[in-house]
Amino acid sequence: MSFELVDTTYEPYSQDPGYIAANEALIDGIALEGVARVADLACGTGLLSQLLIRRAPGLTVCAIDLDPVQIGIATRTFEGQGVRVVDSLDALRAAGTGAVHLRAASAMELPFDDGEIDLIVQGNSIHLMPDRAAFLREVARVLRPGGRFVFNSVFYVGTFVPGSEAVFSEWMKEAVLVLNRMNAERAARGEPGIPRKRGTHGRAFQKDWLSAEGWSAALAEAGIDTLSAGHRPVPISQKGLQLVGAYGGLAEVLMSGYPVDIASECLQEGAVRAFENLGITEVPRNWLEITAVRR
Ligand SMILES: C[S@@+](CC[C@H](N)C(=O)[O-])C[C@H]1O[C@@H](n2cnc3c(N)ncnc32)[C@H](O)[C@@H]1O
């Protein structure tokens, strides 16, 4: 099996039907009365914004992501869908209705005026923010009183459905076996082994995940009160696990220090093997969903 042309952007996984369904459920549950100005933080390829605009084409949305590659994909997607894309925040403010501005920037320093935003959405990335308290203060700063903050995450205390951890362990074991095989093939050809840079790791795996209650406490500290916090069980198919493993942002933390394209290839093949070994067709994972309101 070979996955030599690995796409390590977030685009393939963001088109997985299970992933879309989970995010649709989040977006469809948002009350949009009185909402005009929206920010989508760490937007990736812009799925949440697309789902919002499909529901309410009159919204103006500023979507921000650190990675210019994801912003490029999001821009092309919006343009392909006939959405008006403007190139500055001022143009977005002037548009007043029905436009998107995409920006490659950190979500830690938002470009908005105080109280300017009616709704902030954040898909599966709040766990990546390097300073949680500072990030939530920034969210509180830009939301108007009564404005909503809605997010989901699969990196939190409670994400593993009891009994399912073994599947994720099997996945990692198989990914490492693929890596070992690659190294053995290299050795047989007289080539050096795959290099590993030690000491790299990502926030998602620093084991300081919060529970739903922990997030509510952190939000309250920043002046944002939780209205609802729930766990949505989402089935991950074999293909879905392959696609999420191919995403470079996850591959670089799950197999930290290895070249991202190699880590991605190992995780894709490992997903296939893990499902085959265990004779399963899907594995459930809980998604945290929080809706909160600026005091
Ligand atoms: C798992 S993807 C989620 C993408 C999208 N929100 C979705 O739900 O489909 C995480 C995204 O967070 C972005 N990201 C990580 N840290 C960030 C930061 N400090 N500021 C902005 N974006 C960030 C990454 O570039 C990546 O696109």
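Me: Of the 19 residues around the ligand, which come nearest?

Reply: This is a predicted model, where local features need pLDDT of at least 70, side-chain atom pairs count only at pLDDT 80 or more, and totals for chains, interfaces and linings use all residues. Residues are numbered from 1 along each chain as its sequence is written, and side-chain values use heavy atoms, leaving out hydrogens and water. A residue is near a molecule or strand if one of its heavy atoms lies within 4 Å of it. Around this ligand there are 19 residues, and those that come nearest are Y19, A42, D65, A107 and G123.

Me: How is that shell split by class?

Reply: Ala, Val, Leu, Ile, Met, Phe, Trp, Tyr, Cys and Pro go down as nonpolar, Asp, Glu, Lys and Arg as charged, and the others, Gly among them, as polar. Sorted that way, the residues around the ligand come out as eleven nonpolar, six polar and two charged.

Me: Which residue has a backbone N or O atom 2.8 Å from a nitrogen atom of the ligand?

Reply: Start with the side chains: Y19 puts an N or O atom 2.8 Å from a ligand oxygen, and D65 has a polar side-chain atom 2.6 Å from a ligand oxygen. A polar contact is a pair of N or O atoms within 3.5 Å; within protein, one must be able to donate a hydrogen and the other to accept it, and residues adjacent in sequence count only if both atoms are side-chain atoms. The backbone contact to a ligand nitrogen, at 2.8 Å, comes from G123.

Me: And how much of the ligand's area does the protein bury?

Reply: The areas are Shrake-Rupley values with a 1.4 Å probe, and for residues only the protein chains shown count as cover. On its own the ligand exposes 600 Å², and the share of this that the protein buries is 92%.

Me: A42 has a positive phi; is it buried or exposed?

Reply: A42 sits in the loop between β1 (37-41) and α3 (47-55), with helices (H or I, at least four residues) and strands (E, at least two) taken as DSSP runs numbered from the N terminus. Its phi is near 55°, positive although A42 is not a glycine. Buried means under 20% relative accessible area, exposed over 50%, and partly exposed in between (1.4 Å probe, protein chains only). At a relative accessible area of 19%, A42 is buried.

Me: What is the phi of N124 near?

Reply: N124 lies in the loop between β5 (117-123) and α6 (132-142), and counts as buried at 13% relative accessibility. This is another positive phi in a residue other than glycine, with a value near 45°.

Me: Why is helix α9 largely enclosed, and which elements do its buried residues pack against?

Reply: Helix α9 (residues 238-246) has seven of its nine residues buried, so the rest of the structure largely encloses it. Those buried residues are G240, L241, Q242, L243, V244, G245 and A246. Taking contact as heavy atoms within 4.5 Å, they pack against α1 (11-14), α7 (165-188), β7 (224-237), α10 (248-254) and α11 (260-278).

Me: How far apart in space are E282 and P235?

Reply: E282 is in strand β8 and counts as partly exposed, at 47% relative accessibility. Not counting residues up to four places away in sequence, E282 touches P235, I236, S237 and F275. With their positions 47 residues apart in sequence, the C-alpha to C-alpha distance of E282 and P235 is 6.0 Å.

Me: How far apart in space are T291 and N180?

Reply: T291 belongs to strand β8 (residues 282-294). Leaving aside neighbours within four places in sequence, T291 has contacts that include R148, F149, D225 and T226. T291 and N180 are 111 residues apart in sequence, and their C-alpha separation is 44 Å.

Me: What separates the C-alpha atoms of W209 and V157?

Reply: W209 has its place in the loop between α7 and α8 (212-221). With 22% relative accessibility, W209 is partly exposed. W209 and V157 are 52 residues apart along the chain, and their C-alpha atoms are separated by 5.9 Å.
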